[in-house]
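Subject: Handover of a structure

Hello,

I am passing this structure on to you. Please have a look at it before reading my notes below.

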Amino acid sequence: MQLALKEARKGVGLTSPNPQVGAVIVKNEELLGSGWHKKAGSPHAEREAISKVLESYSPDTLRGATIYVTLEPCSTEGKTPPCTQGIIEAGIQSVVYGAHDPNPSHDGRAKKILQSAGIKVRSRVCEAECDDIIKSFSKVQKTGLPWVILKSAISLDGHTTRPPAESQWLSSPKSREIVQSLRFQSDAIITGGNTLRMDDPALTLRSASHPEKTQPWRMIITRGSRASLPQEARVFTDEFAERTLVQEQGDLRSALETLVKKGCNTVMVEAGGSMMASFLQQDLADELVVFYTPLLTGGPDMGFGDLTPSAELCEQRFTRIGSDIMLQAKVTKKPALHHQIEALHRSEASKRQGEVAD
């Protein structure tokens, strides 16, 4: 399963609105083939692995083999045929998977279908790791909202900006390279109208470095109207202008719902402290990435703002990046509010059951 997880990680940032999935096929303790889901509409990991085996072996080789998959094999037909059917037709004898399908109408269906065909099935192997790699997909399925990462850089005296006469950058060049990797993992980048006016950010990936990745959507959230934003800004005039969206009246939830409709599972927020605080206040943030920099700036923007609510962080990781310290952590939800959010979106989520994108 660890080999299957390694395959699944190759799809990070590429598969939305589908999850990242990896698969390996083994027989008599020999690895026959492996595969991963590359993008929506392309073959799923199980069929990729089967194809890899057939490139080097005869079809009979698959009979009696075991396939390890990070996610419960799909059992319904979308843009691609169900993987349960492919596994049965291949003559595979045993299926081992990690995470259950987060779509309630699919959860457990694969096991029943495969067992009825005489195939041995084992689940929940390395379940925590397999669940983690599809956390964004799972959140969309359960709540109708994407996984939200708040990214910021903060000076030693707690500011997120520098004086106008100085460089716009707080973090080091090495940290900014990490930000590029975070953008690669994201399907959209959100910023605010004030950040757009002050910094004119491009919010893009370096296309030459990642030709396989579609540029992330860029969502500008403003308390006013689109007309109040600088129309000469790069997000409205560059070659990716068609991938820029505007959410008026500062409606964070509507912005996230719009991005889900665009096929986004993971969204990163790169904005000022007030907008970061708003995401925390509304219990919309899932993960925090903060770069602490060895500067005393005296800038005007103090951290996430005075209105930042208390928030518990779990699974904290501290990493030295050049001269900076990077904190990565998940935001712990307030249980009562979290259940209210799930209940609010349960009806919308049920409408999508059986309609998971392929």
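The notes below cover the sheets, a pocket, the cysteines and a few backbone details.

First, the ground rules. This is a predicted model, in which local features need pLDDT of at least 70 and side-chain atom pairs count only at pLDDT 80 or more, while totals for chains, interfaces and linings use all residues. Residues are numbered from 1 along each chain as its sequence is written, and side-chain values use heavy atoms, with hydrogens and water left out.

**The eight-stranded sheet**

Helices (H or I, at least four residues) and strands (E, at least two) are DSSP runs, numbered from the N terminus. Two strands pair if DSSP finds at least two bridges between them.

One open sheet has eight strands, in the order β9-β8-β7-β10-β6-β11-β13-β12. Its pairing is mixed. The edges are β9 (244-247) and β12. Each has a single partner strand, so one side of each lacks a neighbour in the sheet. Neighbouring strands are turned by 20 degrees against each other on average, direction ignored. For such angles, axes are lines fitted to C-alpha atoms (for helices over the stretch in contact), and the values run from 0 to 180 degrees between N-to-C directions.

Now walk across part of this sheet. β6 and β11 run parallel, joined by seven bridges. There, Ala 153 is opposite Phe 291 in β11. Strand β11 (residues 287-293) then meets β13 through six bridges, and these two run antiparallel. Val 290 faces Leu 327 of β13. β13 and β12 are antiparallel too, with eight bridges. Leu 313 sits opposite Val 331 in β13, and Glu 312 has Thr 332 of β13 as its bridge partner.

β12 and β13 make a hairpin with two residues between them. Gly 322, in the turn, has a positive phi of about 60 degrees.

How well covered is β13? Seven of its nine residues are buried, so read it as mostly covered; buried means under 20% relative accessible area, exposed over 50%, and partly exposed in between (1.4 Å probe, protein chains only). β12 is hardly covered: among its 10 residues, the count of buried ones is one.

**The five-stranded sheet**

A second open sheet has five strands, ordered β2-β1-β3-β4-β5, again with mixed pairing. β2 (30-36) and β5 (120-122) are at its edges. Each has a single partner strand, so one side of each is without a neighbour in the sheet. The average turn between neighbouring strands here is 15 degrees, direction ignored.

Strand β1 (residues 22-27) and strand β3 (residues 66-71) run antiparallel, with four bridges. Val 24 has Tyr 68 as its bridge partner in β3.

The loop between β1 and β2 holds Asn 28 and Glu 29. Asn 28 is exposed, at 73% relative accessible area. Its phi is positive, about 50 degrees, although Asn 28 is not a glycine. Glu 29 is exposed as well, at 81% relative accessibility. Glu 29 and Thr 66 are 37 residues apart in sequence, yet 9.6 Å apart in space, C-alpha to C-alpha.

**The second largest pocket**

This pocket has a volume of about 690 Å³. On a 1 Å grid over the protein atoms alone, a pocket is an open set of points where a 1.4 Å probe fits, with protein on both sides within 12 Å along at least five of seven lines; lining residues have an atom within 4 Å of a point. Grid points are joined across faces, edges and corners, and the volume is the space filled by probe spheres set on the points.

Which residues are closest to the centre? Of the 32 lining residues, they are Asp 132, Lys 135, Gln 185, Glu 287 and Arg 317. Elements that give two or more residues to the lining are α5 (127-133), α6 (135-143), β6 (147-155), α7 (173-185), β12 (312-321) and β13 (324-332). The lining divides into 12 nonpolar, 11 polar and nine charged residues. Here Ala, Val, Leu, Ile, Met, Phe, Trp, Tyr, Cys and Pro count as nonpolar, Asp, Glu, Lys and Arg as charged, and the others, Gly among them, as polar.

**Cysteines and a cis bond**

How many disulfides are there? Zero, with a disulfide taken as a pair of cysteine sulfur atoms within 2.5 Å. The sulfur of Cys 126 is 5.9 Å from the closest cysteine sulfur, in Cys 130, which is too far for a bond. Cys 126 lies in the loop between β5 and α5. It is partly exposed, at 27% relative accessibility. Its phi is positive, near 50 degrees. Cys 314 is also partly exposed, at 29%.

Last, the peptide bond from Ser 16 to Pro 17 is cis, with omega near 10 degrees. Pro 17 is in the loop between α1 (2-8) and β1.

Best wishes
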